[in-house]
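Welcome! Here is a short tour of a protein model, written for someone meeting this kind of picture early on. Take a look at the structure below, and then we will walk through it topic by topic.

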Amino acid sequence: MTNTSRTINSSITLSVTTIITVLALTGCQTMTTGKAVSNNSMTSNPLTAQMPVIDRQGRIAYVEEQGVGAAKISTLYSISPDGSDRRLIDQLNGYIYAPAWSADGQHLAYSKQPARHYPFIYIYDRSKQSSELVVDAKGSNLSPSFSPDGLRLLYSSSVGGNADIYERSLTTGITKQLTTLSSTEVQPSYAPDGQSFVYVSDKVRSGRPSIYRYTFATGNAALLSANGYAASPQLSLDGQLMSYLNGRQAAVITLANKQVVNLAETGLDEPARFSPSAQYVVYAMQNSKINGQTGSSLVVRSLASGSSYIISSKLGNSQSHSLVRSPVWGR
């Protein structure tokens, strides 16, 4: 992290990084959108044939990182669930965070942070194959989430001096602050009915995140997660399941009976994200070192059978390996 970035509201940045790593580094920005990318290592996977059509015809967006320090390059891609048809959405020398699809799969919100800048939020339009800046407040603007009707956007921001949850109308631009606590409130995600959202807060114990559900009608929040580290929630489209980080493991909980299924065993995995049918999930898994370099892969897993397959992050015939981050599955 650069000295310049550390001076930008350093106390808030430190608090946010306790829950979601917020990084900055030097470099120049580049951008190319909507182009198909040749990838010989990603071939059609026959296991997707058993998926519901809504899943099989959807798109998985994810971030791929290569290089270290000032040479770090982050690229936002989308692919088919079998690993084919990879398309470039955005790229920069810096960081891209937490993409999120709209319910209809036509728009993708994400944060990006070039050198010496706050993370700002952009929305990519699939039909136009272009991205538009929508949140440029002077703070760490992260974790966007579309309302079910696609007309509003939840996100966290430290613009007020502390990390809180905000809601922005995408038609009028009017923004409302929803949380006003002295603790850290981040990672909001709408419920499928639009009447509430889940988010992460460390208000009980600083640096110890838990998951809460905020109800719009009352403005009140109720604890959802049990004791222990819990972060990065997402509700399934039927509202019955929630994916999250349980400790340091990707997990899914059935909200009615609080039954938890841990999906991975490395302790280094990112949170799983549901397919549109909620019968499958996708998450990023850390790999062993290959030729002295650490890599990672996308894992697609059936929640019913537990069967899974891996989409490698290796780029074609390149000898370099990259880290994949923040996969999310849309229509």
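Let's begin with some rings: Tyr-190, Phe-197, Tyr-199, Tyr-212, Tyr-214 and Phe-216 are linked into a cluster by ring pairs. Here, rings of Phe, Tyr and Trp (its six-membered ring) pair if their centres lie within 6.5 Å; planes under 30 degrees apart count as stacked, over 60 as edge-to-face and the rest as tilted. Please keep in mind that this is a predicted model, in which local features need pLDDT of at least 70 and side-chain atom pairs count only at pLDDT 80 or more, while totals for chains, interfaces and linings use all residues. Residues are numbered from 1 along each chain as its sequence is written, and side-chain values use heavy atoms, with hydrogens and water left out.

**The chain as a whole**

- The protein chain has 3 helices and 24 strands; helices (H or I, at least four residues) and strands (E, at least two) are DSSP runs, numbered from the N terminus.
- Of the 331 residues in the protein chain, 53% are buried, where buried means under 20% relative accessible area, exposed over 50%, and partly exposed in between (1.4 Å probe, protein chains only).
- About 14,200 Å² of the protein chain is exposed, and carbon and sulfur atoms supply 48% of that area; the accessible areas come from the Shrake-Rupley method with a 1.4 Å probe, and for residues only the protein chains shown count as cover.
- Among contacts between residues at least 6 apart in sequence, 42% join residues at least 24 apart; a contact means heavy atoms within 4.5 Å.

**Aromatic pairs and charges over rings**

- The count of aromatic pairs comes to 10.
- One of them is the stacked pair of Tyr-155 and Tyr-166, with 5.9 Å centre to centre and 15° between the planes.
- This pair links distant parts of the chain, since Tyr-155 belongs to strand 9 (residues 152-157) and Tyr-166 to strand 10 (residues 164-169), 11 residues apart.
- Both rings belong to buried residues: Tyr-155 has a relative accessible area of 4%, and Tyr-166 has 7%.
- Tyr-214 and Phe-216 form an edge-to-face pair, 5.8 Å centre to centre with 80° between the planes.
- Tyr-214 is buried at 9% relative accessible area, whereas Phe-216 is partly exposed at 24%.
- The charged end of Arg-86 sits over the ring of Tyr-77, 4.2 Å from its centre; this label requires NZ of Lys or CZ of Arg within 6 Å of the ring centre and within 35 degrees of the ring normal.
- In the same way, the charged end of Lys-112 sits over the ring of Tyr-122, 4.4 Å from its centre.

**Strands 9, 10 and 11**

- Strand 9 and strand 10 run antiparallel and are joined by 6 bridges; two strands pair if DSSP finds at least two bridges between them.
- Tyr-155 has Tyr-166 as its bridge partner in strand 10.
- These two strands, 9 and 10, form a hairpin with 6 residues between them, and Gly-161 in the turn has a positive phi of about 100°.
- On to the next neighbour: strand 10 and strand 11 (residues 175-177) run antiparallel, joined by 3 bridges, and the bridge partner of Tyr-166 in strand 11 is Gln-177.
- Strand 10 and strand 11 also form a hairpin, with 5 residues between them and a positive phi of about 80° at Gly-173 in the turn.
- Strand 10 is largely enclosed by the rest of the structure, because 5 of its 6 residues are buried.

**Nonpolar cores**

- The largest nonpolar core has 17 residues, and those with the most contacts inside it are Val-198, Ile-211, Leu-235, Met-242 and Tyr-244; such a core is a set of buried Ala, Val, Leu, Ile, Met, Phe, Trp, Tyr and Cys residues joined through side-chain atoms within 4.5 Å.
- Strand 13 (196-201), strand 16 (230-235), strand 17 (241-246) and strand 18 (249-254) each supply at least two residues of this core.
- A second, separate core of 15 residues includes Val-282, Ala-284, Tyr-309 and Ile-311.

**Positive phi outside glycine**

- Most residues other than glycine have a negative phi.
- Lys-258 has a positive phi near 65°; Lys-258 lies in the loop between strand 18 and strand 19 (259-262) and is partly exposed at 44% relative accessible area.
- Ser-326 also has a positive phi, near 55°, and is found in strand 24 (residues 323-330).
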